[in-house]
Amino acid sequence: MDRKFEWQEQRTTTPDGVYRVLRTAILDGTVPPGEQLRETHIAADLGISRSPLREALTKLEEEGLVIKVPFRGSFVVEVSARDVADIAAIRVLVEPYAAELSAPSLRGPEQLRLKQTVEELYRATDTNDIPGSIDAHLRFHRLFYEFSGNAALRSMWNGWENKLRLYLAVDHRTYSDLHDIAVEHEKLAELALEGDFEAFRQETVSQLQNALQAEPPE
């Protein structure tokens with residue numbers, strides 16, 4: 001790999017600093033799915049030893065962004081469009097139900113948290129922060145499953161999140177204006193708070209059309 005990594009904030013040799021750099025490179029598309037993360041090259045680019053790099057790669061592996069292949073090295077995980085389509089087909093059925101179950105909490109004690117997540121999504125999209133927009137995007141949807149009170153729904157989301165993170169790293173770059181993502185999610189929040197779950201279902205289907213078609217974005 002001959003790409004050069006850039007420090008986002010300040011130069012650091014800590015495992016967490018290296019983790020942030022590599023994570024951003026994966027989520028903003030600098031390092032695409034399937035590409036090998038060559039330790040020697042990355043360590044040289046960042047001016048670090050192999051120890052913090054290996055700790056960072058382990059954290060990325062735990063997050064589901066990297067896979068370590070014995071005797072070959074570390075690679076960015078690939079997620080097929082078919083995988084994402086299968087998840088989307090289930091989400092359009094269960095996410096409106098999760099929203100309905102979570103509505104009492106999201107209208108009450110957790111309403112501020114829902115609104116703050118939408119605000120975080122606006123801030124990230126308005127500054128073209130793709131990794132930040134992906135994180136806020138996933139936090140938003142996680143709220144419906146988290147506050148549904150249904151362990152099976154929470155388990156579903158936990159099983160999907162890493163695959164969705166990698167898919168969104170591609171999908172977010174297809175928007176001509178990331179701001180549109182925040183507008184879409186604000187609409188979902190409004191429908192959930194209003195209790196219009198049929199409209200919520202229709203909006204979910206509309207927003208997941210790319211994924212449902214099982215075709216990777218160009």
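**Terms first.** I count Ala, Val, Leu, Ile, Met, Phe, Trp, Tyr, Cys and Pro as nonpolar, Asp, Glu, Lys and Arg as charged, and the others, Gly among them, as polar. I also note that this model is predicted.

**Entry 1, overall layout.** I began with the elements. The protein has ten helices and three strands. From the N terminus on, I read them as α-β-α-α-β-β-α-α-α-α-α-α-α. I then checked the radius of gyration, which is 18 Å. The globule rule gives 17 Å for 218 residues, so the protein is as compact as a globular protein of that length. Along the principal axes, the C-alpha atoms fill a box of roughly 55 × 35 × 35 Å.

**Entry 2, the sheet.** In which order do the three strands lie? I find β1-β3-β2, in an open sheet with antiparallel pairing. Why is one side of β1 and of β2 left without a neighbour in the sheet? β1 (36-37) and β2 (66-69) stand at the edges, and each has a single partner strand, so one side of each stays free of a sheet neighbour. Helix α3 (residues 50-62) packs on this sheet. I see α3 touching β1, β2 and β3, and its direction makes about 115° with that of β2.

**Entry 3, strand pairs.** I took β1 with β3 (residues 73-76) and found two bridges, in the antiparallel sense. There, Gln-36 stands opposite Phe-75 in β3. Next I took β2 with β3. This pair is also antiparallel, over four bridges. Val-66 stands opposite Val-76, and Ile-67 stands opposite Phe-75. Phe-75 of β3 therefore comes up twice in my notes, facing Gln-36 and Ile-67, by way of the bridges that define pairing.

**Entry 4, the hairpin.** How many residues lie between β2 and β3? I count three, and the two strands form a hairpin. I looked at the turn: Phe-71 has a positive phi of about 65° there.

**Entry 5, cavities.** I searched for enclosed space next. The structure holds two cavities of 30 Å³ or more. I looked into the second largest, which has about 40 Å³ of space. Its lining is Ile-26, Pro-33, Val-76, Leu-166, Ala-169, Val-170 and Arg-173. Val-76 I had already met, opposite Val-66 in the sheet. Which helix gives the most to this lining? Helix α7 (residues 151-171) does, with three residues. By class, I get six nonpolar, no polar and one charged residues.

**Entry 6, the largest pocket.** I turned to open space. The largest pocket holds about 350 Å³. Its lining has 24 residues, and the closest to its centre are His-137, Asp-171, Tyr-175, Gln-207 and Leu-208. Which helices each supply at least two lining residues? My list is α4 (81-107), α6 (130-146), α7, α8 (179-194), α9 (197-207) and α10 (209-212). α7 thus appears in my notes on the pocket and on the second largest cavity, as a run numbered from the N terminus. By class, the pocket lining has ten nonpolar, ten polar and four charged residues.

Key: Residues are numbered from 1 along each chain as its sequence is written. This is a predicted model: local features need pLDDT of at least 70, side-chain atom pairs count only at pLDDT 80 or more; totals for chains, interfaces and linings use all residues. Side-chain values use heavy atoms; hydrogens and water are left out. Contact means heavy atoms within 4.5 Å. Axes are lines fitted to C-alpha atoms, for helices over the stretch in contact, and angles run from 0 to 180 degrees between N-to-C directions. On a 1 Å grid over the protein atoms alone, a cavity is a set of points where a 1.4 Å probe fits but cannot get out, and a pocket is an open set with protein on both sides within 12 Å along at least five of seven lines; lining residues have an atom within 4 Å of a point. Grid points are joined across faces, edges and corners, and a volume is the space filled by probe spheres set on the points. The radius of gyration is taken over C-alpha atoms; the globule rule is 2.2 Å times the number of residues to the power 0.38.
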